[in-house]
Amino acid sequence: MVRYELMRPDEVADARRRTPVAYVPLGPLEWHGPHLPLGLDPLHAHEVALRAAREVGGVVLPALFAGTETVRPAGPGPQSLATLGLPPDVRVVGMDFPGNPVSSTYIEESAFGVIVRELVRNLLEAEFRVVVLVNGHGAVNHQAALRRIAAETDRPPSQRVVYHLAFLPDPDARGPGHAAREETAIALGLFPERVRTDLLPPPGAPLYYAEHGIVDAPAFDGHPSPDFALPQDEHPRTATPEQGASILEAEGRALARSVRELVTSLPTG
Ligand SMILES: [Zn+2]
């Protein structure tokens with residue numbers, strides 16, 4: 001048993017004595033296109049943490065459904081309205097594009113920081129020696145906030161707080177994008193019955209960033225496709241449960257590997 005909320009105190013104490021690691025999986029409730037559940041990011045992070053904990057030990061906190069985002073600049077440039085084909089005069093926070101019927105639950109950055117810091121403080125006081133912030137959400141300011149909290153609360157060599165992005169670096173360096181092929185594959189690996197790619201435009205029809213809130217990584221980086229539509233090889237319909245299963249397996253193993261290294265580096269006694 002590695003799920004903290006289901007563990008009894010004796011089990012937590014035993015787990016902590018064997019491997020003094022606490023994983024904090026997190027991410028916002030966020031628009032992920034019409035075809036994916038809102039909780040994908042934290043649930044993805046939770047699954048990666050569970051896999052690592054089953055391999056190397058430690059306890060996994062319940063997913064923290066919290067994350068932050070920020071207002072998109074007009075552009076041009078990375079993350080801008082212009083690079084996503086959105087009009088220059090709209091106010092857009094994160095993936096909450098003007099046509100979305102449901103908005104994301106982003107927490108303002110400083111409030112988000114307080115929640116995460118409090119969790120980390122609790123876990124360090126509870127004598128966990130490694131706290132891993134396992135993040136499933138790619139927003140730039142969200143990741144920067146978590147990196148900063150990890151750096152500021154880290155107490156090497158005896159108590160470590162580290163940031164870990166659930167996604168692995170893409171071999172072709174493109175990154176996962178948002179609600180596109182890779183995240184859809186991950187969702188198919190997690191809960192195939194909750195994925196509805198039939199709600200997307202039919203095969204061959206353009207899937208516009210601005211219309212669906214589904215975006216490839218190069219577009220976020222300031223290099224959109226010429227018509228501001230998702231490249232066909234990034235289309236969610238190309239995702240399979242098998243891709244998802246192998247992504248999750250690799251991500252779990254990567255986290256397990258880095259946690260094992262951290263635990264080995266702790267001074268004894
Ligand atoms: Zn996501």
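The expected span of a helix is 1.5 Å times one less than its number of residues. Keep that rule handy for the second stop, and remember throughout that you're looking at a predicted model.

**Stop 1: the whole chain**

Start zoomed out, with the cartoon on. You should find 8 helices and 5 strands. Walking from the N terminus, the order of the elements is α-β-α-β-β-α-β-α-β-α-α-α-α. The radius of gyration is 19 Å, close to the 18 Å that the globule rule gives for 269 residues, so this protein is as compact as a globular protein of that length. Turn the model around: along the principal axes, the C-alpha atoms fill a box of roughly 60 × 35 × 30 Å. Of the 269 residues, 44% count as buried. Take contacts between residues at least 6 apart in sequence, and 74% of them join residues at least 24 apart.

**Stop 2: helix 2**

Now select residues 40-56, which make up helix 2. Try the opening rule here: the helix has 17 residues, and its first and last C-alpha atoms are 24 Å apart, close to the 24 Å expected. Is helix 2 mostly covered or mostly bare? Mostly covered, since 13 of its 17 residues are buried. Step just past its end and click on G57, which has a positive phi near 95°.

**Stop 3: the core**

Next, select A22, Y23, V24, A49, V131, V132 and V134. These are the residues with the most contacts inside the largest nonpolar core, which has 66 residues. Helix 2 turns up again, giving this core its largest share, 7 residues.

Stay on V132 for a moment. Which residues does V132 touch, leaving aside its neighbours within four places in sequence? The list is V21, Y23, V24, V162, H164 and V259.

**Stop 4: two strands and a helix**

Select 130-135 for strand 4 and 160-165 for strand 5. The two strands run parallel, joined by 6 bridges. To see one pairing, show L133 and its bridge partner in strand 5, Y163. Now add helix 4, residues 140-153. Strand 4, helix 4 and strand 5 together make a right-handed β-α-β unit.

**Stop 5: backbone oddities**

Time for some unusual geometry. Most residues other than glycine have a negative phi, and most peptide bonds are trans. Here are four places that go the other way.

- Select G75 and P76. The peptide bond joining them is cis, with omega about 5°. P76 sits in the loop between strand 3 (64-65) and helix 3 (109-125).
- Move on to P156 and P157, where the bond is also cis, with omega near 0°. P157 belongs to the loop between helix 4 and strand 5, two pieces of the unit from the last stop.
- Click on A179. Its phi is positive, about 60°, although this residue is not a glycine. You'll find A179 in the loop between strand 5 and helix 5 (181-190). Is A179 buried or exposed? It counts as buried, because it has 25 C-beta neighbours inside 10 Å and the cut-off is 20 or more.
- Finish at F228, another non-glycine with a positive phi, about 55°. F228 lies in the loop between helix 7 (217-220) and helix 8 (241-265). With 18 other C-beta atoms within 10 Å, F228 is partly exposed.

Note on methods. Residues numbered from 1 in each chain as written. Predicted model: local features only at pLDDT ≥ 70, side-chain atom pairs only at ≥ 80, totals over all residues. Core = buried A, V, L, I, M, F, W, Y, C linked by C-beta atoms within 7 Å. Buried ≥ 20, exposed ≤ 12 C-beta atoms within 10 Å, placed from the backbone. Helix = DSSP H or I, 4+ residues; strand = E, 2+ residues; numbered from the N terminus. Contact = placed C-beta atoms within 7 Å. Pairing = 2+ DSSP bridges. Right-handed = clockwise from strand over helix to strand, strands pointing away. Rg over C-alpha atoms; globule rule 2.2 N^0.38 Å.
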